[in-house]
Amino acid sequence: MKLYSNEISSAASRVRIALALKGITPELLPVSILGPDAENRQRDYLDLNPQGLVPALLTENGTLITQSLSIIEYLDERFPQPPLLPADAEARAFSRTVALAIAAEIHALVPPRVAAQLGSLGLDATAIGDWNRHWVREGLSAVDALLASRRYGSYVAGDQPSVGDLFLFPQAVNAERAGLPLSLWPNIAAVVGKLRGVSAFVENAPAPRK
Ligand SMILES: N[C@@H](CCC(=O)N[C@@H](CS)C(=O)NCC(=O)O)C(=O)O
């Protein structure tokens, strides 16, 4: 399998962590995502993946699977051990709730394409940074409250990492880099503290932007 990826991408980080937990080493195909010449906006990549985003997984059959949650669930169905969704249906729903609370309500508001559009509307780098921190702070505060009310174990949804953890860890790492300490969110801090003991997470965290 081949993974279109970028080292700074938190969405690609989720998939790299899943692959590492499954013991799978894909061929990594780097796609640049920053600046006017970013490869993800070029015709070649858009012909392959019309959304122009990473990650995208190319299976051995030549099928391209996009969207990190779809890729992770595909991997989990094909390679069931260790499972990335809890056995209990309510815990499974909660794990996906946390994943989507991050992917749909935080990450979708702060990727490079949104920053570029805000810049073209006249916002400067300081204002765009404030925009990003606002949505991350608001979104992670909601996730922290969810975790406070619905913890199923020491990770997001049980005593094993599951999809919710795969989405939480990269977002939390990037929040700290943006100047938002995890001490703001004690429940997230506790889970991320556990995840820092799992090499698949630590070794596949998003790299800092240079
Ligand atoms: N919902 C998508 C989000 C993918 C996404 O936004 N990836 C970012 C990198 S973290 C990207 O490719 N950004 C390029 C851009 O914003 O132009 C997923 O979960 O895979």
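Biologist: In this predicted model, what makes the pairing of a ligand oxygen atom with the side chain of Arg 14 a polar contact?

Modeller: Look at the distance: an N or O atom in the Arg 14 side chain sits 3.0 Å from that ligand oxygen. The cut-off is 3.5 Å for a pair of N or O atoms, so this pair counts.

Biologist: And how do you know that Val 54 makes one too?

Modeller: Here a nitrogen atom of the ligand is 2.7 Å from a backbone N or O atom of Val 54. That is within 3.5 Å, so it's a polar contact as well. Pro 112 also joins in, with a polar backbone atom 3.5 Å from a ligand oxygen. Put the ligand alone and it has 510 Å² of accessible area, of which the protein covers 92%.

Biologist: Which residues come closest to the ligand?

Modeller: Ser 9, Val 54, Gln 67, Ser 68 and Arg 113, out of 15 that surround the ligand.

Biologist: What is unusual about the backbone of Gln 67?

Modeller: Gln 67 has a positive phi of about 75°, although it isn't a glycine. You'll find Gln 67 in the loop between strand 4 (64-66) and helix 3.

Biologist: Is the peptide bond from Val 54 to Pro 55 cis or trans?

Modeller: That one is cis, with omega near 10°. Pro 55 belongs to the loop between helix 2 (43-48) and strand 3 (56-58). Another cis bond runs from Gln 81 to Pro 82, with omega near -15°, and Pro 82 is in the loop between helix 3 and helix 4.

Biologist: Now the largest pocket: how do you know where it lies relative to domain 1 and domain 2?

Modeller: Check who lines it. Domain 1 (2-78) and domain 2 (89-203) both contribute lining residues, so the largest pocket lies between them. Its volume is about 1,200 Å³.

Biologist: How many residues line the largest pocket, and which lie nearest its centre?

Modeller: There are 46, with His 107, Val 110, Pro 111, Pro 112 and Arg 209 nearest the centre. Helices that give two or more residues include helix 1 (10-22), helix 3 (68-78) and helix 7 (163-177). Helix 7 gives the most, with five.

Biologist: And how do the residues of that lining divide into nonpolar, polar and charged?

Modeller: The lining of the largest pocket has 24 nonpolar residues, 16 polar ones and six charged ones.

Technical notes. Residues are numbered from 1 along each chain as its sequence is written. This is a predicted model: local features need pLDDT of at least 70, side-chain atom pairs count only at pLDDT 80 or more; totals for chains, interfaces and linings use all residues. Side-chain values use heavy atoms; hydrogens and water are left out. On a 1 Å grid over the protein atoms alone, a cavity is a set of points where a 1.4 Å probe fits but cannot get out, and a pocket is an open set with protein on both sides within 12 Å along at least five of seven lines; lining residues have an atom within 4 Å of a point. Grid points are joined across faces, edges and corners, and a volume is the space filled by probe spheres set on the points. Helices (H or I, at least four residues) and strands (E, at least two) are DSSP runs, numbered from the N terminus. Ala, Val, Leu, Ile, Met, Phe, Trp, Tyr, Cys and Pro count as nonpolar, Asp, Glu, Lys and Arg as charged, and the others, Gly among them, as polar. Domain bounds come from an automatic or database domain assignment. A residue is near a molecule or strand if one of its heavy atoms lies within 4 Å of it. A polar contact is a pair of N or O atoms within 3.5 Å; within protein, one must be able to donate a hydrogen and the other to accept it, and residues adjacent in sequence count only if both atoms are side-chain atoms. Accessible areas come from the Shrake-Rupley method with a 1.4 Å probe; for residues, only the protein chains shown count as cover.
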